[in-house]
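Let's take a walk through this fold, starting with a charged pair and ending out on the surface. Keep the viewer open as you read.

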Amino acid sequence: MLEPIYPRDAWNLLQDGRARLVDIREPDEIAAVRAERAMPAPLSLVKLTGVPRATSEMPVIFTCHSGRRVKNNAAMLESLAAGPAYVLEGGMEAWIRACLPVVRGRRYSMERQVRMAAGGIILAGFVLSLAWKGFLILPLGVGCGLVYAGLTGSCAMAGLLARMPWNR
């Protein structure tokens, strides 16, 4: 069982060089905002890449967005750390609320950008269809694209958004 640690306590350990902070969020989430001194180890890859070994002098602190992902995967993460390990209570949300140092990249993760774009196109298609029913093709196309993305893991909208100037 991973013991909880609060953001301020974690930051004190990090500043003194007495702990490692490991962020298990996915790369697009980490690119949007991450704790200063956090080491990325996306949960989808952590079994392959591993995490730094924990020692009594250098425990590992795991974080995610809210702490839920770490808690849901606590047994696996604890075994990978092979030593003293903690869960950052409240995750990155609590870290940011505590006004601790962060590195900001993109304002929104790619997943959020896709949701906003898809929702905007669906809403526009619905509103425009009130004037001409042919515009219903917009929400239909987005719906089909989202189903395809879910089945294949390949999202054309994310590929298009990644090429936008704000994501470079």
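**Charged pairs, cores and a patch**

Start with Glu29 and Arg69, which form a salt bridge whose closest N and O atoms sit 2.8 Å apart. This pair ties together distant parts of the chain, with Glu29 in helix H2 (residues 27–32) and Arg69 in helix H4 (residues 68–72), 40 residues apart. Bear in mind that you're looking at a predicted model. How exposed is each partner? Glu29 has a relative accessible area of 16%, so it counts as buried, the cut-off being under 20%. Arg69 comes out at 25%, so it counts as partly exposed.

Helix H4 has another bridge to show you: the side chains of Lys71 and Glu89 meet at 3.4 Å, N to O. Here too the link spans distant parts of the chain, from Lys71 in H4 to Glu89 in the loop between S6 and helix H6 (91–97), 18 residues apart. Both partners are partly exposed, Lys71 at 46% relative accessibility and Glu89 at 23%.

Now look at Arg25, which pairs with Asp23 in a salt bridge, the closest N and O atoms being 2.7 Å apart. Both Arg25 and Asp23 are buried. In the whole structure, a search turns up five salt bridges.

Time to go inside. In soluble globular proteins, nonpolar side chains tend to be buried together. In this model, the largest nonpolar core has 18 residues, and those with the most contacts inside it are Leu2, Val22, Ile24, Val46, Val51, Phe62 and Val70. Strand S5 (60–63), helix H5 (74–81) and strand S6 (85–88) are the elements that each give two or more residues to this core, and H5 gives the most, with four.

Zoom in on Ile24. Leaving aside residues up to four places away in sequence, Ile24 touches Ala41, Pro42, Leu43, Phe62, Thr63, Cys64, Arg69, Val70 and Leu77. So Arg69, the salt-bridge partner of Glu29, turns up again among the contacts of Ile24.

What about nonpolar side chains on the outside? Ile121, Leu128, Trp132, Phe135, Ile137, Leu138 and Leu140 make a nonpolar surface patch of about 650 Å². Helix H7 (110–129) and helix H8 (137–152) are the elements that give two or more residues to this patch, and H8 has the largest share, three residues. Phe135 belongs to the loop between H7 and H8, and at 30% relative accessibility it counts as partly exposed.

Notes: Residues numbered from 1 in each chain as written. Predicted model: local features only at pLDDT ≥ 70, side-chain atom pairs only at ≥ 80, totals over all residues. Heavy atoms only, no water. Core = buried A, V, L, I, M, F, W, Y, C linked by side-chain atoms within 4.5 Å. Buried < 20%, exposed > 50% of the residue type's maximum accessible area, 1.4 Å probe, protein only. Contact = heavy atoms within 4.5 Å. Patch = residues over 30% accessible without salt bridge, like charges linked within 9 Å, V, L, I, M, F, W, Y side chains within 5 Å. Areas by Shrake-Rupley, 256 points an atom, 1.4 Å probe, with all protein chains shown as cover. Salt bridge = Lys/Arg side-chain N within 4 Å of Asp/Glu carboxyl O.
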